[in-house]
Amino acid sequence: MRFFLQPKILTGLKFIQLSSIIIVNDLTDGGNTYGDYINQFKSSLIRDIMESYPDLKREGAMSLPKLLYSTGDKFIFNIDEWDYIFSHGLYPENQSDFLEFLRDLLKDKTYVTLAYMTGVLPIQKYSTPPCI
């Protein structure tokens, strides 16, 4: 997995000027178990946040949403191939857990300006009712 945190990219759109961009791509290599997969996702993102915000204090096992809140910034998330585990039949017993993880990370969070998720499958196919 590769993550890129690009602070304060300036464009002609006002709301983007106030947001950092988190690009998540290459979600295809996540280990042998769902635990490996999601832990790699979380730890890579946490590492990049801590590198981009060196003065940020991380208290113990702070959750990813709390860490993002603590930056005081807003973010645009670009998640490429969000549906890889679904389209490739990986971790079928944990696919609803992954949707819950994305929901907890993105839905109704004040630090999210925009979430742009690409994939080949519509999210409604895996979530009834749609959760994200």
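Arg103 is partly exposed, with a relative accessible area of 28%, where buried means under 20% relative accessible area, exposed over 50%, and partly exposed in between (1.4 Å probe, protein chains only). The model is predicted, so that local features need pLDDT of at least 70 and side-chain atom pairs count only at pLDDT 80 or more, while totals for chains, interfaces and linings use all residues. Residues are numbered from 1 along each chain as its sequence is written, and side-chain values use heavy atoms, with hydrogens and water left out.

**Exercise 1.** Find which residue forms a salt bridge with Arg103, and state its exposure.

Solution. A salt bridge is defined here as a side-chain nitrogen of Lys or Arg within 4 Å of a carboxyl oxygen of Asp or Glu. Under that criterion Arg103 forms a salt bridge with Asp104, and the closest N and O atoms are 2.9 Å apart. Asp104 counts as partly exposed, at 33% relative accessibility. This pair is one of the 4 salt bridges that the structure holds.

**Exercise 2.** Determine which residues are linked with Arg47 in a network of salt bridges, and describe the setting of each one.

Solution. Begin with Asp48, whose side chain meets that of Arg47 in a salt bridge with an N to O distance of 3.4 Å. Next, the side chains of Glu51 and Arg47 meet in a salt bridge at 4.0 Å, N to O. Together, Arg47, Asp48 and Glu51 are linked in a network.

For the positions along the chain, Glu51 and Arg47 are separated by about one helical turn, because they lie 4 residues apart in helix H2 (residues 34–52); helices (H or I, at least four residues) and strands (E, at least two) are DSSP runs, numbered from the N terminus.

Finally, compare the accessibilities: Asp48 is buried at 9%, Arg47 is partly exposed with a relative accessible area of 42%, and Glu51 is exposed at 57% relative accessibility.

**Exercise 3.** Trace how strand E3 is paired, and identify the residues that stand opposite Ile79.

Solution. Two strands pair if DSSP finds at least two bridges between them. Strand E2 (residues 19–25) pairs with strand E3 (residues 74–79) in the parallel sense over 6 bridges, and Val24 stands opposite Ile79 in E3. Strand E4 (residues 112–117) also runs parallel to E3, to which 5 bridges join it, and here Ile79 stands opposite Met117 in E4.
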